[in-house]
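The following exercises are to be worked through with the sequence and the structure at hand. Each task is followed by a solution in steps.

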Amino acid sequence: MNIPQHVAIILDGNGRWAKSKGMPRNYGHAQGSKNVERICEEAWRMGIKYLTVYAFSTENWNRSADEVNALMKLLRNYMKTCLTTAAKNDMKVRVIGDITRLDEDIRKRILELEEATKNNGGLNFQIAINYGSRDELMRAARRLAADCKEGRVRPEDIGEALFEDYLDTRGIPDPDLLIRTSGEQRLSNFLLWQLAYTEFYFADVHWPDFTKGELIKAIEAYNARDRRFGGVKEVTDV
C-alpha cells in the first residue's frame, strides 16, 4: 500500500460525540485531544512522515466564552503532555497560525515545545492553532509587500516557490491526503493554498472515534485514485 507522505486532518465532531453520550462538549474536546496522541503514534508506525491537524481556527473565537476558555485550558495541558510525548517518540512539533492572540503563557509553551523538538527525527507534527488560511495568506502578502517596499524582493521575481516561503508551512511539503471527520464536506478555511492538489477523504465518524482502522480506510481510498499533477482519475480496475 502506498503511504502518503503528508496527511492533514480536520478534527471535527468532538462536541457532537460528547452530546451523543450525554456529556458536555468540553468532555468531547478532552477525548479528542487524547485521540490526537494515539493517531500520531499510529501514523508514524504506518510510515507517514508529516501529520497536520486543525486544532483551533480563527473562527473558533466566536464560540461561547465558556467553551473557548475550556479549549485554552485544554491547550495549556496539551502543550505539557505533547512535550513528553514528543520526547518519547522523537517527534518534531511545529505550530502554524497566528499565535500572537494567545495568552503569553501559551505562547511561551509553544516556543519551548518547538525549540525542544526541532532536532527530533520522527514524525513531523504540525498543529494549527488560531489558524485560518485566509489570515495566513494575508499575513504572507503583507510580509512580502514589506520586503518589496524595502527592496529585499523584486516584484518580477515573485513566484510560487518564493511566496510559499512566506506561509506558515514554509519548508513543509503540501498534504497528499486531507481527512475530515464527522461527515462534513468542506474545508473550513484550512490550508487553501496547500491543498490545491490534495486528495480529500470524508469520514462519517466523529473525531474521538477515529481509529487506526479508520486511518487505514482513508489511505486505502487514497490508493484507489490515480494521482496526476493537476488532477486525478479514479482507478476502476482494482
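Helices and strands are here DSSP runs, with at least four residues for a helix (H or I) and at least two for a strand (E), numbered from the N terminus. The model is a predicted one.

**Exercise 1. Place threonine 52 in its element, and determine which side chains make polar contacts with the side chain of threonine 52.**

Step 1. Threonine 52 lies in strand 2, which covers residues 50–57.

Step 2. Buried means under 20% relative accessible area. Threonine 52 has a relative accessibility of 3% and therefore counts as buried.

Step 3. Its side chain makes a polar contact of 2.8 Å with the side chain of histidine 6. Another polar contact, of 2.9 Å, links the side chain of threonine 52 to that of glutamine 126.

Step 4. When residues up to four places away in sequence are left out, threonine 52 touches His6, Val7, Ala8, Ile9, Ile96, Gln126, Phe190 and Leu191.

**Exercise 2. Find how many cavities of 30 Å³ or more the whole structure holds, and list the lining of the largest cavity.**

Step 1. The search of the whole structure yields one cavity of 30 Å³ or more.

Step 2. The volume of the largest cavity is about 50 Å³.

Step 3. Its lining includes Thr52, together with His6 and Gln126. The other lining residues are Ile96, Thr169, Ile172, Pro173, Asp174, Pro175, Leu191 and Gln194.

**Exercise 3. Determine the volume of the largest pocket and the elements that contribute to its lining.**

Step 1. The largest pocket has a volume of about 730 Å³.

Step 2. It is lined by 33 residues, of which Leu11, Tyr54, Ala55, Phe56 and Asn60 are the closest to its centre.

Step 3. Two or more lining residues come from each of helix 1 (14–20), helix 2 (25–46), strand 2, helix 3 and strand 4.

**Exercise 4. Compare the expected span of helix 4 with the distance between its end C-alpha atoms, then identify its buried residues.**

Step 1. Helix 4 comprises the 14 residues 104–117; at 1.5 Å a residue it should span 20 Å. The end C-alpha atoms are 20 Å apart, which agrees with that expectation.

Step 2. Ile106, Ile110, Leu113 and Thr117 are the buried residues to be noted in helix 4. They lie on the same side of the helix, because the arc they cover around the axis is only 65 degrees.

Step 3. Glu104 and Lys108, on the other side of helix 4, are exposed.

Step 4. The cover over the buried residues of helix 4 includes helix 3 (65–89), strand 3 (92–96) and strand 4 (124–131).

**Exercise 5. Examine the phi angles of aspartate 90 and asparagine 130, and give the location of each residue.**

Step 1. Most residues other than glycine have a negative phi.

Step 2. Aspartate 90, although not a glycine, has a positive phi of about 60 degrees. Aspartate 90 belongs to the loop between helix 3 and strand 3, and its relative accessible area of 35% makes it partly exposed.

Step 3. Asparagine 130 is likewise not a glycine and has a positive phi of about 45 degrees. Asparagine 130 is situated in strand 4 and is buried, with a relative accessible area of 4%.

Key: Residues numbered from 1 in each chain as written. Predicted model: local features only at pLDDT ≥ 70, side-chain atom pairs only at ≥ 80, totals over all residues. Heavy atoms only, no water. Expected span 1.5 Å × (residues − 1). Buried < 20%, exposed > 50% of the residue type's maximum accessible area, 1.4 Å probe, protein only. Arc of directions from axis to C-beta. Contact = heavy atoms within 4.5 Å. Polar contact = N/O pair within 3.5 Å; in protein donor to acceptor, adjacent residues only side chain to side chain. 1 Å grid on protein atoms, 1.4 Å probe; cavity = no way out; pocket = protein on both sides within 12 Å on 5 of 7 lines; lining within 4 Å. Points joined across faces, edges and corners; volume = space filled by probe spheres on them.
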